Amino acid sequence: MTPEDLIAFESEIADIFNAGKIRAPVHLYYGNEVQMIEVFRDVKPEDWVFCSWRSHYQCLLKGVPREEVKAEILAGRSISLCFPKYRIVSSAIVTGVLPIAVGAALGIKRRGGPARVHCFAGDMTAETGSFHECLKYSTNHQLPIRFIIEDNAKSVCTDTRESWNQPVLTYENSRHPLVVYYKYQTKYPHAGAGKRVQF
Amino acid sequence: MPARENASNSDMKYFDELCRAMEFLGRDPRTIFLGQAVACPGTAMTNTLKKVSREKLLELPVTEEMQMGMSTGLALGGHVPVSIYPRWNFLLLSVNQVVNHLDKLPIVSNGGYQPRVIIRTGIGSERPLHPQYQHVGDFTEAFRLMCKTIEVIRLDEPDQIFPAYKRALEREDGRSTIIVEYGDYYNEK
């Protein structure tokens, strides 16, 4: 998929949501298409992908057919998209997937095989104790996993740097071997598509 | 010595039945036992694992929530984790992973993911020493109310033990199981 394909998908979902046709929250990406495509150059079909509540791009780039992703979103499940056939797990809870991803990676290591785990986390999630534990365990036990930190500077509306009183986030300039970090700026709010929808 | 799966229960006691159940679980190639004081001494539960192969025992750092998440992740890959929390009060630290994740994954995935985890916990013993109120909680009913897919079984009698663990291992209904032991009964029943 191209950056334009990804943007067009989210734009279509935004229009449907603004028309009041999705009776559940949607969490849209924008502005990180090039970085995501780059991340997915290193994701193979047998790999596991763990996501938060914002996961449309991951699903599309892992190979879930566009219409299948759209159908799940229209069914109200944008917030926790799961596609077992494609080994995608998402959670609507902050830090929720982190230790699950670690367990999946541990299972791969114990059984052997080429699969890897790719675990996505926002900038606030990456500052939590849970992230610290999971990264430390994965690093020290040499698990086949990497954590992709997506920094849009906010957790819902809370400014991550301001709330922690920390101008530079922990992994912002890190060269940790299991961490991929990128910044982006989105045009969409935390949830929805920027228009108040009345049902 | 093989587990006495077919042995009469009449002469067995609570602790012996737990040992028999753990040995039975340990024979299944899918199982892995994880937690604190699992591969090294430390709790009464440790002593029930003596006939489980050492390579199946994974000693974890004290990270209750990570442990539960890891158990779910292992289960997604086909393992059957036996995740050990010696007391309910310790298991409370993993509530997010139990209630929001392990319990809800089958629902949010439309039944696509059915991680099978066996959670082993206990009501802390009060005799001969009372460890006070952060160690003797029994949250069985609370967890039954919070969980939609996980079954919570409390082991009141020795003859419940082996069937409960066998069911937790062999169940095909996509549900995980919390099994609750009584610390006092290790020595009393």
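What is the volume of the second largest pocket? The second largest pocket has a volume of about 370 Å³. The model examined here is predicted. The points below describe the contact between its chains, its two leading pockets, its cavity and two features of the backbone.

**The interface between chain B and chain A**

- Chain B contributes 29 residues to the contact, and chain A contributes 27 residues.
- About 2100 Å² of area is buried between chain B and chain A, and carbon and sulfur atoms give 65% of that area.
- Eight residue pairs are in polar contact between chain B and chain A, counting pairs with both residues at pLDDT 80 or more.
- On the side of chain B that touches chain A, at least two residues come from each of α2 (64-76), α4 (95-102) and α5 (105-108) of chain B.
- The element that gives the most to this side of chain B is α2(B), which supplies eight residues.
- Sorted by class, the side of chain B that touches chain A comprises 14 polar, 11 nonpolar and four charged residues.
- As for salt bridges, the rule finds zero across the interface of chain B and chain A.

**The largest pocket**

- The volume of the largest pocket is about 470 Å³.
- This pocket is lined by 25 residues, and those closest to its centre are A:R54, A:N152, A:K154, A:S155 and A:V156.
- Two elements of chain A, β3 (117-122) and β5 (154-155), each supply at least two residues of the lining of the largest pocket.
- β3(A) gives the most to this lining, with three residues.
- The lining of the largest pocket is made up of 12 nonpolar, eight polar and five charged residues.

**The second largest pocket**

- The lining of the second largest pocket consists of 20 residues, and B:T43, B:A44, B:R87, B:S125 and B:G183 lie nearest the centre of the pocket.
- In chain B, the elements β4 (118-123), β6 (177-182) and α8 (185-188) each provide at least two residues of this lining.
- α8(B) provides the largest share of the lining of the second largest pocket, namely three residues.
- Eight nonpolar, seven polar and five charged residues form the lining of the second largest pocket.

**The cavity**

- Rolling a probe the size of a water molecule over the atoms reveals where empty space remains.
- One cavity of 30 Å³ or more is present in the structure.
- The largest cavity has a volume of about 70 Å³.
- Its lining contains 14 residues, of which A:S52, A:T95, A:V97, A:F120 and A:T125 are the closest to the centre of the cavity.
- Two elements of chain A, α5 (97-111) and β3, give two or more residues each to the lining of the largest cavity.
- The largest share of this lining comes from β3(A), with three residues.
- The element β3(A) thus appears in two linings, as it also gives the most to the lining of the largest pocket, besides its share in the lining of the largest cavity.
- The lining of the largest cavity has eight nonpolar and six polar residues, with no charged residues.

**Features of the backbone**

- The peptide bond that runs from B:R127 to B:P128 is cis, and its omega is near 0°.
- B:P128 is placed in the loop between β4 and α6 (140-146) of chain B.
- A:R87 is a residue other than glycine with a positive phi, near 55°.
- The position of A:R87 is in the loop between α4 (66-74) and β2 (88-90) of chain A.

Technical notes
Residues numbered from 1 in each chain as written. Chains lettered and ligands numbered in written order. Predicted model: local features only at pLDDT ≥ 70, side-chain atom pairs only at ≥ 80, totals over all residues. Heavy atoms only, no water. Contact = heavy atoms within 4.5 Å. Buried area = accessible area lost by both parts, 1.4 Å probe. Salt bridge = Lys/Arg side-chain N within 4 Å of Asp/Glu carboxyl O. Polar contact = N/O pair within 3.5 Å; in protein donor to acceptor, adjacent residues only side chain to side chain. Helix = DSSP H or I, 4+ residues; strand = E, 2+ residues; numbered from the N terminus. Nonpolar A, V, L, I, M, F, W, Y, C, P; charged D, E, K, R; others polar. 1 Å grid on protein atoms, 1.4 Å probe; cavity = no way out; pocket = protein on both sides within 12 Å on 5 of 7 lines; lining within 4 Å. Points joined across faces, edges and corners; volume = space filled by probe spheres on them.
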